[in-house]
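Below is a walk through one protein chain, starting from a single strand and moving outward to the whole fold. Please keep the sequence and the 3D view open while reading.

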Amino acid sequence: MKKEVVAMLLAGGQGSRLYALTSHVAKPAVPFGGKYRIIDFPLSNCVNSGIDTVGVLTQYRPLELNSYIGNGQPWDLDRSDGGVHILPPYQREGEQGTWYKGTANAIYQNIGFLDLYDPDYVVILSGDHIYKMDYSDMVDQHKRTQADCTISVLEVTLEEAKRFGIMNAHPDGQVYEFEEKPQHPKSTLASMGIYVFTWSKLRKYLIDDEANPDSSNDFGKNIIPNMLGAGEKLMTYRFDGYWKDVGTIDSLWDANMDMLAPRSSIDLRDNEWPIYARTPIRPPHVTGPDAKLSHSLVTGGCRVDGSVENSVLFHSVTVEEGAEVEYSILMPGATVKAGAKVSYAIVAEEATVQAQATVGSAPDGSEGWGIAVVAGGVTIGEKAVVAPSAMVREDVKGGERV
């Protein structure tokens with residue numbers, strides 16, 4: 001079962017900065033863009049790049065994510081030779097089972113899986129980024145430059161650089177210094193958390209890292225600095241397309257709104273690089289005779305009788321007559337009752353906004369304003385008011401203010 005390239009997709013993140021949206025699901029399973037989930041993007045990138053063997057490393061609340069991936073059929077990964085494999089933490093003989101302690105430890109615990117395919121190269125991916133990328137180009141550069149590790153990078157602002165691993169590289173792209181989230185960055189070349197490793201080399205460093213009791217078992221904190229310190233050849237791969245880490249409420253909302261841009265940097269209608277998804281079968285959406293629908297993304301099974309503007313509606317959403325929705329994201333099965341108003345908000349799966357209730361409001365320049373969030377399954381009672389930036393995890397009684 002020899003494979004030249006195997007991808008390992010880190011999809012076990014809790015996504016704590018998404019608060020109520022990840023209280024029951026892992027971050028890669030969060031709905032995105034009307035018909036997708038976040039994990040659809042790296043999975044589709046793998047298939048479109050010609051990588052047919054993918055290990056998906058799950059951990060936090062994996063049930064929905066595991067069910068969604070299933071046998072991998074939507075991404076053409078239902079194969080007997082390769083395909084997609086769900087890889088949770090497990091207990092080995094003579095050891096106590098442990099959670100994945102870090103990104104490097106997660107790969108270390110699956111050395112046996114990788115050895116099964118004896119790859120020449122391993123592509124390490126994150127399950128919580130929105131982007132399109134041809135990994136085969138990155139692998140080709142890795143081979144051409146005879147690198148031990150190739151790190152995908154993009155330019156960020158100097159202020160943003162403090163949140164990333166920052167590369168300092170020679171003009172030919174070879175890395176000579178790496179800083180993890182520096183307070184005073186020396187460059188703006190940020191790691192995207194996408195790596196290509198020569199497997200024989202990475203395997204050694206994973207084993208050595210695991211033997212170090214003081215290690216954080218992390219690629220950015222340990223593996224990359226250790227390889228650099230040992231004189232291994234690390235190269236950058238520059239990426240200049242659309243890429244967004246949707247790990248916060250604001251960035252998730254921004255990325256969904258980007259889908260509505262007339263000249264969006266990430267074209268979901270691109271037939272040459274499709275994004276595949278496991279999409280439920282629903283009838284076409286329906287708009288009532290008095291509905292007002294403008295500049296919005298509305299998917300199958302929706303019923304719109306009210307006003308929807310600059311918003312993203314996932315499948316099976318209901319917006320009743322007299323309801324108003326603007327600059328918002330309504331996830332699968334959400335309902336906005338008659339006379340309710342949802343503005344600059346995210347309403348999660350199967351949540352209900354009862355009649356005359358208000359969720360969120362337009363920006364007014366005040367300090368502390370933000371996107372309002374209603375968690376999955378929550379009901380906002382009649383005439384209740386959910387303030388901007390509020391995170392609602394439990395039902396709200398009618399007339400209450402949150």
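Begin with strand E8, which is joined by 5 bridges to strand E12 (residues 234-238), the two running parallel. Within this pairing, Thr 150 has Met 235 of E12 as its bridge partner. The model is a predicted one.

E8 also pairs with strand E11 (residues 189-198), here through 6 bridges and in the antiparallel sense. In that pairing Val 153 lies opposite Ser 191 of E11. How much of E8 is covered? The strand spans residues 149-155, and 6 of its 7 residues are buried. In a regular strand, side chains alternate between the two faces of the sheet.

Another set of strands is found further along the chain. Here 6 strands make up an open sheet with parallel pairing, in the order E14-E17-E20-E23-E26-E29. Strands E14 (286-287) and E29 (379-380) stand at its edges; each has a single partner strand, so one side of each lacks a neighbour in the sheet. Inside that order, E20 (residues 318-319) pairs with E23 (residues 335-336) in the parallel sense, over 2 bridges. Thr 318 is placed opposite Thr 335 of E23.

Next, the packing of the side chains. In soluble globular proteins, nonpolar side chains tend to be buried together. The largest nonpolar core in this model holds 100 residues, and Leu 330, Ile 346 and Ile 380 have the most contacts inside it. Helix H8 (residues 249-258) gives the most to this core, contributing 5 residues. A second core, separate from the largest one, has 33 residues, including Phe 113, Val 175, Leu 202 and Met 227.

Which residues does Ile 346 touch, leaving aside those up to four places away in sequence? Among them are Ile 249, Leu 252 and Trp 253, and Ile 249 and Trp 253 fall within the residue range of H8, 249-258. Ile 346 also touches Leu 21, as well as Ile 329, Met 331 and the run Ile 371, Ala 372, Val 373 and Val 374.

Finally, the chain as a whole. Its secondary structure comes to 8 helices and 31 strands. The radius of gyration is 22 Å, close to the 21 Å that the globule rule gives for 402 residues, so the chain is as compact as a globular protein of that length. The C-alpha trace spans about 65 × 50 × 45 Å along its principal axes. Buried residues account for 53% of the 402. Of the contacts between residues at least 6 apart in sequence, 57% join residues at least 24 apart. The chain exposes about 17,700 Å², with carbon and sulfur atoms supplying 46% of that area.

Key: Residues are numbered from 1 along each chain as its sequence is written. This is a predicted model: local features need pLDDT of at least 70, side-chain atom pairs count only at pLDDT 80 or more; totals for chains, interfaces and linings use all residues. Side-chain values use heavy atoms; hydrogens and water are left out. A nonpolar core is a set of buried Ala, Val, Leu, Ile, Met, Phe, Trp, Tyr and Cys residues joined through side-chain atoms within 4.5 Å. Buried means under 20% relative accessible area, exposed over 50%, partly exposed in between (1.4 Å probe, protein chains only). Helices (H or I, at least four residues) and strands (E, at least two) are DSSP runs, numbered from the N terminus. Contact means heavy atoms within 4.5 Å. Two strands pair if DSSP finds at least two bridges between them. The radius of gyration is taken over C-alpha atoms; the globule rule is 2.2 Å times the number of residues to the power 0.38. Accessible areas come from the Shrake-Rupley method with a 1.4 Å probe; for residues, only the protein chains shown count as cover.
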